[in-house]
Structures are given as structure tokens and as C-alpha cells.
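Here is a brief report on a predicted model. Follow the strands first, then the helices.

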Amino acid sequence: DFRYTTADGATRRMYDIRAEYLLLFINNPGCNMCKTVREAISASPMLNELIERGKLKGLALFPDEDLTEWRNYRDHIPASWINAYDAGCLVRENGTYDLTAIPSLYLLDSDKRVLVKDSTDVPYIEEVIDRRG
């Protein structure tokens, strides 16, 4: 679990996100691969349907200090996702998630067990969800 902060200044816990699946998208503004992965998620009919039905929540997390950069990039994250930053960079500092490469996708189930870790492969995320039925 970790705390994240949204644009309105609210701080919440990842474990409080209620959905069958949580797609954690750790990203940085200006990162070309981040844009490619974000667009692949946005282009996925399966993932979009799950988001619309409330079965999947997307959490875009900015893990760095430059909040000006994050604020300037906010409009690039789909409105249906939770767009947040890691105040104090605790996720990175505590090694909660592997941030050796960004972007990084983690798919978690409703109990926050990791189903896919440190990935950028959107079709694989879809496959894992599909196999679980």
C-alpha cells in the first residue's frame, strides 16, 4: 500500500481503491514510451469497457519531485483515470515498486495482489484479465 495525492490536494491510499482490477501506471511527463503505453491502454476496447463498468480502475502515478512538470501534463491522462503523484517520493524511496524503468504497469486484483508486475505490455495485461474470466 502507498499514499498518493491528487490535483485537488487530497491524499488517499491505494488500498482504498475499490475495483475488481487496478492498473497502476507509473509514468513521467515527456517520456515517449509512457505516451505509447498510455495510448495503448486508451486504445484498448477491453480495458475501456472495464473502466466504464467500474471493474477496472486506472491509477496514473507520477513518482518524482517536479510537480510543475506533472501539473502541466495532467490533461494528457484520461479523465476516467485517477491522476496522482507520490508526495515525498516514498514509493521510489521505499522500493515499494520496481522503478528502474519507466513506464511501468502493475495489474492488481481486488485484494491488491500483483497479477502482472513491471510491464509495458498492454496485450499481456488484457490476456491476464481475460484468462481470469
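## Strands 1 and 2

Strand 1 (residues 3-6) and strand 2 run antiparallel, joined by 3 bridges. One pairing can be picked out by residue: T5 has T11, in strand 2, as its bridge partner.

## The sheet

These strands belong to an open sheet of 7 strands. The order is 2-1-5-4-3-6-7, and the pairing is mixed. Strand 2 (11-13) and strand 7 (114-119) stand at the edges. Each has a single partner strand, so one side of each is left without a neighbour in the sheet. On average, neighbouring strands are turned by 30 degrees against each other, direction ignored.

Helix 1 (residues 32-42) packs on this sheet. Helix 1 touches strand 3 (21-26) and strand 6 (104-109). The direction of helix 1 makes about 155 degrees with that of strand 3.

## Helix 5: two faces

Helix 5 spans residues 122-132, and its buried residues are V122, I125, V128 and I129. Seen down the helix axis, they fall within an arc of 120 degrees, so they line one face of helix 5. Their packing partners are strand 3, strand 6, strand 7, helix 1 and helix 2 (45-52).

The face turned away from the buried side carries exposed residues: P123, D130 and R131.

## Helix 5: two ends

D121 caps the N-terminal end of helix 5. A side-chain oxygen of D121 lies 3.1 Å from the backbone nitrogen of Y124. After helix 5 comes G133, with a positive phi near 80 degrees.

Technical notes:
Residues are numbered from 1 along each chain as its sequence is written. This is a predicted model: local features need pLDDT of at least 70, side-chain atom pairs count only at pLDDT 80 or more; totals for chains, interfaces and linings use all residues. Side-chain values use heavy atoms; hydrogens and water are left out. Two strands pair if DSSP finds at least two bridges between them. Helices (H or I, at least four residues) and strands (E, at least two) are DSSP runs, numbered from the N terminus. Axes are lines fitted to C-alpha atoms, for helices over the stretch in contact, and angles run from 0 to 180 degrees between N-to-C directions. Contact means heavy atoms within 4.5 Å. Buried means under 20% relative accessible area, exposed over 50%, partly exposed in between (1.4 Å probe, protein chains only). The arc is that of the directions from the helix axis to the C-beta atoms. A polar contact is a pair of N or O atoms within 3.5 Å; within protein, one must be able to donate a hydrogen and the other to accept it, and residues adjacent in sequence count only if both atoms are side-chain atoms.
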